[in-house]
Amino acid sequence: MDCDVWIVEKQTVQMLSVIDHLQNILKIGLNSVFFTDANNGYIAGEKGTILKTSDAGETWTLQTTGTPLALNAVCFFNSTNGYAAGYGAILKTVNGGLSW
């Protein structure tokens with residue numbers, strides 16, 4: 001599975017703006033973005049942060065991960081099964097991020 005995300009240029013600019021805004025609000029670094037489809041996406045970051053959207057990035061919900069470690073990557077194989085990883089942490093979800 002290739003976890004690279006290719007987004008149309010206009011959407012990339014919009015997403016980078018959203019990430020900058022979220023980083024300013026949360027006061028943490030956000031490191032990885034992955035969308036499973038046009039509406040559902042995840043952002044992984046410092047302090048075990050995972051954010052989830054189900055409305056194409058209009059709103060984001062903080063997920064409970066149980067780790068204080070930085071997460072540098074997030075990747076999904078389908079709409080329910082995914083991983084987030086960082087130095088010293090590998091998290092798995094089998095329910096679309098409801099639990100990690």
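Is Lys-47 buried or exposed? I open with that residue, and I should say at once that the model before you is a predicted one. At 60% relative accessibility, Lys-47 is classed as exposed, because the threshold for that class is over 50%. Lys-47 sits in the loop that runs between strand S2, residues 41–45, and strand S3, residues 50–53. Its backbone deserves a remark as well: the phi angle of Lys-47 is near 55 degrees, a positive value in a residue other than glycine.

A second residue shows this feature. Ala-56 has a phi near 60 degrees, again positive and again in a residue other than glycine. Ala-56 belongs to the loop between S3 and S4. With a relative accessibility of 37%, Ala-56 counts as partly exposed.

Let me proceed to strand S4, which covers residues 61–63 and includes Gln-63. Gln-63 counts as buried because its relative accessibility is 13%, and the limit for a buried residue is under 20%. Leaving aside neighbours within four places in sequence, Gln-63 is in contact with Ile-50, Leu-51, Lys-52, Gly-97, Leu-98 and Trp-100.

I now come to the sheet. Three strands form an open sheet in the order S5-S6-S7, with antiparallel pairing. At its edges are strand S5, residues 73–76, and strand S7, residues 89–93, each of which pairs on one side only. From one strand to the next, the twist averages 15 degrees. In general, the strands of a sheet pair through backbone hydrogen bonds, in either a parallel or an antiparallel manner. Here, strand S6, residues 82–86, and S7 pair in the antiparallel sense over 5 bridges. Within this part of the model, Ala-84 stands opposite Leu-91 in S7.

Finally, the interior. In soluble globular proteins, nonpolar side chains tend to be buried together. The largest nonpolar core in this model has 12 residues, among them Phe-34, Tyr-42, Ala-44, Ile-50, Ala-84, Leu-91 and Trp-100. Strands S2, S5 and S7 each supply at least two residues of this core. Which strand gives the most to this core? That strand is S5, with 3 residues. Apart from this core lies another, of 8 residues, including Ile-28, Phe-35, Ile-43 and Trp-60.

One member of the largest core, Ala-44, may serve as a closing example. Neighbours within four places in sequence aside, Ala-44 is in contact with Leu-30, Asn-31, Ser-32, Thr-49, Leu-71, Ala-73 and Val-74. Of those partners, Leu-71 and Val-74 are also listed in the largest core.

Methods: Residues are numbered from 1 along each chain as its sequence is written. This is a predicted model: local features need pLDDT of at least 70, side-chain atom pairs count only at pLDDT 80 or more; totals for chains, interfaces and linings use all residues. Side-chain values use heavy atoms; hydrogens and water are left out. Helices (H or I, at least four residues) and strands (E, at least two) are DSSP runs, numbered from the N terminus. Buried means under 20% relative accessible area, exposed over 50%, partly exposed in between (1.4 Å probe, protein chains only). Contact means heavy atoms within 4.5 Å. Two strands pair if DSSP finds at least two bridges between them. Axes are lines fitted to C-alpha atoms, for helices over the stretch in contact, and angles run from 0 to 180 degrees between N-to-C directions. A nonpolar core is a set of buried Ala, Val, Leu, Ile, Met, Phe, Trp, Tyr and Cys residues joined through side-chain atoms within 4.5 Å.
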